[in-house]
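Colleague: I am new to this model and would like to go through some of the labels used for it. Could we take them one at a time, with the reasoning behind each?

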Amino acid sequence: MELPPDDDGYLFHDSHFHLTNYVQEGTDIRRFLEIMGDKVGRSMLCGIPLQQQWMHAGTGDFAPTYYTQTDAPLYYYSFTDAMIAHEYLRLTPEERKRFDPMITGFNPTDMYAADHIRRVLQVYPGVFSGIGEFSIHKEFVSSKIAGEVATLGNKALDRILEFAAEVGLPVVLHCDVNTPFPRPNQDPYIVTKLRALADRHPDTVIIWAHIGLGRVVRPVEDQLGMVERGLRDREPKNIHFDISWDETAKYLVGSPEAIDATADLINQFPERFLFGTDTVAPQTEEQYLHVYKLYAPLLAKLTPEAKHLLLKGNYERIFDEARRSVRAWEAAHKRP
């Protein structure tokens, strides 16, 4: 099912996109502009904060590029922020208007992580608009990272979100809604901890990536009902949800009942949802637009207002405000 573009000619803005992969290789930014073409208006722009180690003892001459291809560990790779800034600064001022670069190259268990974010803003003023995507609980990934395990109650994470509120940086956070392969009726304790995190940081714009779903992390019982109750109860309304990733789509458009329930939720709370592809280093337009096309049955059931806000309006509201706020903070905190 093909859906027509809105009046401005673009199909959507991408709230979740990775220019590079788990070995920091990716699509040249000018090539990505060609792929966006006249289909995608704007995109957040981030690398991946983790580097997959190539351990010769494990895979020999096979060089893994994805975390499921090897048992070797992952480690945090701070240079990804410099790489994203470099690519962005290669563009003309007019081309830059189509991107909102994000800071990801930090360890969320490190109390110095907020200082890294501050430093990046001061070294590259005029570049970054937000933080993320970074992960707290992530299937198969969290256990591969050496050192302290990231948690929602970590004081280092609190420092990151406090600084995000001070500057006006929206935060794209990956946090699975449950553990992989849970036992029947296992309590999804992560949900309670995520809500407590949001309550501690009411002035921070948090975008919960994929609504917590994943490759094997399936919806918890009555997940859409849980989200609906949270949307009705929360004040202030600082949590948003992105429906990025083809692995998320397999649940949300997996049946007529799921499509109807998801569409009903977005139609009720259209200002709280964003669309993103979660594509990693695409090489073709077909590859890039794949996730958008998967969601065609859902988009067809949205009201015109809800569809516009999901695909573009909420992105513009959040990231336009972020640009203004972050530029003002940078002007007031110039490096000597």
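Colleague: Why is Cys 175 called buried?

Modeller: In this predicted model, Cys 175 has a relative accessibility of 0%, and because buried means under 20%, Cys 175 counts as buried. Cys 46 is also at 0% relative accessibility and is therefore counted as buried.

Colleague: How many disulfides are there, and what makes a pair of cysteines count as one?

Modeller: A disulfide is a covalent bond between the sulfur atoms of two cysteines. Here a pair of cysteine sulfur atoms has to lie within 2.5 Å to be counted, and by that rule the count comes to zero.

Colleague: What share of the protein chain is buried?

Modeller: Of the 336 residues in the protein chain, 55% are buried. The secondary structure of this chain comes to 13 helices and 12 strands, and among its contacts with a separation of 6 or more, 82% are between residues 24 or more positions apart.

Colleague: Ser 129 lies in the loop between α5 and β7; what makes you call Ser 129 buried?

Modeller: The relative accessible area of Ser 129 is 1%, and as the limit for buried is under 20%, Ser 129 is therefore buried. Leaving aside residues up to four places away in sequence, Ser 129 touches a set of residues that includes Met 102, Leu 169, Pro 170, Phe 319 and Val 326. Ser 129 and Leu 45 are 84 residues apart in sequence, and their C-alpha atoms are 9.4 Å apart in space.

Colleague: How do you know that the side chains of Ser 129 and Asp 100 are joined by a polar contact?

Modeller: The contact between these two side chains is 3.1 Å, and the cut-off for a pair of N or O atoms is within 3.5 Å, with one able to donate a hydrogen and the other to accept it, so the pair of Ser 129 and Asp 100 counts as a polar contact.

Colleague: Why is Thr 109, in the loop between β6 (99-103) and α5 (113-123), given the label buried?

Modeller: Thr 109 has 11% relative accessibility, and because the label applies under 20%, Thr 109 counts as buried. The side chain of Thr 109 makes a polar contact of 2.8 Å with the side chain of Asn 107. Not counting residues up to four places away in sequence, Thr 109 also touches Glu 148, Val 149, Ala 150, Asn 154 and Ala 156.

Colleague: What makes Phe 134, in strand β7, a buried residue?

Modeller: Phe 134 has a relative accessible area of 1%, and since buried means under 20%, Phe 134 is therefore buried. Apart from neighbours within four places in sequence, Phe 134 is in contact with Phe 106, Pro 108, Leu 157, Val 171, Val 172, Leu 173 and His 174. In sequence Phe 134 and Asn 107 are 27 residues apart, while the distance from C-alpha to C-alpha is 9.0 Å. Glu 133 is found in strand β7 as well, and a cis peptide bond with omega of about 5° joins Gly 132 and Glu 133.

Colleague: What is known about the largest pocket, and which residues are closest to its centre?

Modeller: The largest pocket has a volume of about 480 Å³. It is lined by 26 residues, of which Tyr 66, Trp 245, Asp 278, Thr 279 and Val 280 are the closest to its centre. The elements that give two or more residues to this lining are β7 (130-135), β12 (279-280) and α11 (285-294), and by class the lining of the largest pocket divides into 12 nonpolar, 10 polar and four charged residues.

Colleague: Is Asp 278, in the loop between β11 (273-274) and β12, buried or exposed?

Modeller: Asp 278 has a relative accessible area of 13%, and because this is set against a limit of under 20%, Asp 278 is buried. Asp 278 has a positive phi of about 55° although it is not a glycine. Ala 281, in the loop between β12 and α11, has a positive phi of about 50° and is not a glycine either; at 11% relative accessibility, Ala 281 counts as buried.

Colleague: How many cavities are found, and what lines the largest one?

Modeller: A search of the whole structure finds two cavities of 30 Å³ or more, and the largest cavity has a volume of about 120 Å³. Among the 15 residues that line the largest cavity, Tyr 76, Ser 135, Ile 136, Ile 145 and Ala 150 lie nearest its centre. By class this lining has 11 nonpolar, two polar and two charged residues.

Notes. Residues are numbered from 1 along each chain as its sequence is written. This is a predicted model: local features need pLDDT of at least 70, side-chain atom pairs count only at pLDDT 80 or more; totals for chains, interfaces and linings use all residues. Side-chain values use heavy atoms; hydrogens and water are left out. Buried means under 20% relative accessible area, exposed over 50%, partly exposed in between (1.4 Å probe, protein chains only). Contact means heavy atoms within 4.5 Å. On a 1 Å grid over the protein atoms alone, a cavity is a set of points where a 1.4 Å probe fits but cannot get out, and a pocket is an open set with protein on both sides within 12 Å along at least five of seven lines; lining residues have an atom within 4 Å of a point. Grid points are joined across faces, edges and corners, and a volume is the space filled by probe spheres set on the points. Helices (H or I, at least four residues) and strands (E, at least two) are DSSP runs, numbered from the N terminus. Ala, Val, Leu, Ile, Met, Phe, Trp, Tyr, Cys and Pro count as nonpolar, Asp, Glu, Lys and Arg as charged, and the others, Gly among them, as polar.
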